[in-house]
Amino acid sequence: MKQQPTISTPNLILLGFAGLCLAIALAIAWVLGVTLFFPDGVLAGHLAERDDIIRAHVDYLMMAQFLFIFFLLFRQYAIEPPLWLVAACCFGAFFNPLAFLIRGLTPKAVEVMPVEPHFPLQALLSFSLTTVGFLGAVLLVIRAVWQLRRRPNDSCQKTSNPPMQGFR
């Protein structure tokens, strides 16, 4: 019987966060659906800005998709990403959409409010980590594919090469 390859801890973390982001997106979809059919209900009264809730829903779906894709690519090419890269991807995937969710649930005053004082710092950190994490993940995959391209007979065969190490 052929032994299944093990999944590294960083890849399991990616998969776990992908599932978390998808679960949050589905929960938001249920809230949006219920409030669509019951616009005067108690639940609808808690949504301060429906458009921001929709943005959070779409963003969580996209982040879940990216994390699932990176998990599958890392597994396909036997890449063991460094933990810092996975942490950056997961932090950004969780906190980028959370900003929309918080804005959508926070009641606004009648006059135009300035940007929340904490938002620029949170956004800078979240956007930066997401960018570094996702671009780093793409670079690891490109490097793995490039190395396979240079070994013509290995690309179609299943090998038992040890996992590639990330940026350490």
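**Exercise 1. What covers the buried residues of α1?**

*Solution.* Bear in mind that this is a predicted model. Start by picking out the residues in question: the buried ones in α1 are Pro10, Asn11, Leu14, Ala18, Cys21, Ile24, Ala25, Ile28, Leu32 and Thr35. Next, look at what sits over them. The cover includes α2 (42-45), α3, β1 (79-80) and α4. To finish, zoom in on one of those buried residues, Leu14. Leaving out residues up to four places away in sequence, leucine 14 touches Leu67, Phe70, Phe71, Phe74, Val86, Cys89 and Cys90.

**Exercise 2. Get your bearings: find out how many helices and strands the chain has, and in what order they come.**

*Solution.* Count the elements, and you get 5 helices and 2 strands. Now walk along the sequence, and the pattern reads α-α-α-β-α-α-β. For the overall picture, 32% of the 168 residues of the chain count as buried. The accessible surface comes to about 10,900 Å², and 70% of that belongs to carbon and sulfur atoms. Finally, take the contacts in the chain with a separation of 6 or more: 85% of them are between residues 24 or more positions apart.

**Exercise 3. Check whether the end-to-end distance of α1 agrees or disagrees with the span expected for its 29 residues.**

*Solution.* Helix α1 covers residues 9-37. The expected span is 1.5 Å times one less than the number of residues, so the 29 residues of α1 should span 42 Å. Then look at the model: the end C-alpha atoms of α1 are 42 Å apart, which agrees.

**Exercise 4. Work out which residues touch the most other members of the largest nonpolar core, and which element gives the most to it.**

*Solution.* This core has 29 residues, and Leu14, Cys21, Ile28, Leu67 and Phe74 touch the most other members. Now sort by element: those that give two or more residues to the core are α1, α3, α4 and α5 (119-149). The top giver is α3, with 9 residues.

**Exercise 5. Trace the salt bridges and say which residues they link in a network.**

*Solution.* There are 2 salt bridges to find. Take aspartate 52 with arginine 55, where the closest N and O atoms are 2.9 Å apart. Both residues lie in helix α3 (residues 50-76), 3 residues apart, or about one turn of the helix.

Now for the other pair. Arginine 103 bridges to aspartate 52, with the closest N and O atoms 3.7 Å apart. Here arginine 103 lies in helix α4 (residues 83-105) while aspartate 52 is in helix α3, so this pair ties together parts that are 51 residues apart in sequence.

Put the pairs together, and Asp52, Arg55 and Arg103 form a network of salt bridges. How exposed is each partner? Buried means under 20% relative accessible area, so aspartate 52, at 5%, is buried. Arginine 55 counts as partly exposed at 41%, and arginine 103 is partly exposed too, at 30%.

**Exercise 6. Find the nonpolar patch on the surface, and say which helix gives the most to it.**

*Solution.* The patch is made of Trp30, Val34, Leu36, Phe37, Phe38 and Leu43, and together they have about 720 Å² of accessible area. Helix α1 gives the most, with 4 residues. Take Val34 as a sample member: its place is in helix α1, and at 33% relative accessibility valine 34 counts as partly exposed.

Notes. Residues are numbered from 1 along each chain as its sequence is written. This is a predicted model: local features need pLDDT of at least 70, side-chain atom pairs count only at pLDDT 80 or more; totals for chains, interfaces and linings use all residues. Side-chain values use heavy atoms; hydrogens and water are left out. A salt bridge is a side-chain nitrogen of Lys or Arg within 4 Å of a carboxyl oxygen of Asp or Glu. Buried means under 20% relative accessible area, exposed over 50%, partly exposed in between (1.4 Å probe, protein chains only). Patches are made of residues with over 30% relative accessible area and no salt bridge: like charges are joined within 9 Å, nonpolar side chains (Val, Leu, Ile, Met, Phe, Trp, Tyr) within 5 Å. Accessible areas come from the Shrake-Rupley method with a 1.4 Å probe; for residues, only the protein chains shown count as cover. Contact means heavy atoms within 4.5 Å. A nonpolar core is a set of buried Ala, Val, Leu, Ile, Met, Phe, Trp, Tyr and Cys residues joined through side-chain atoms within 4.5 Å.
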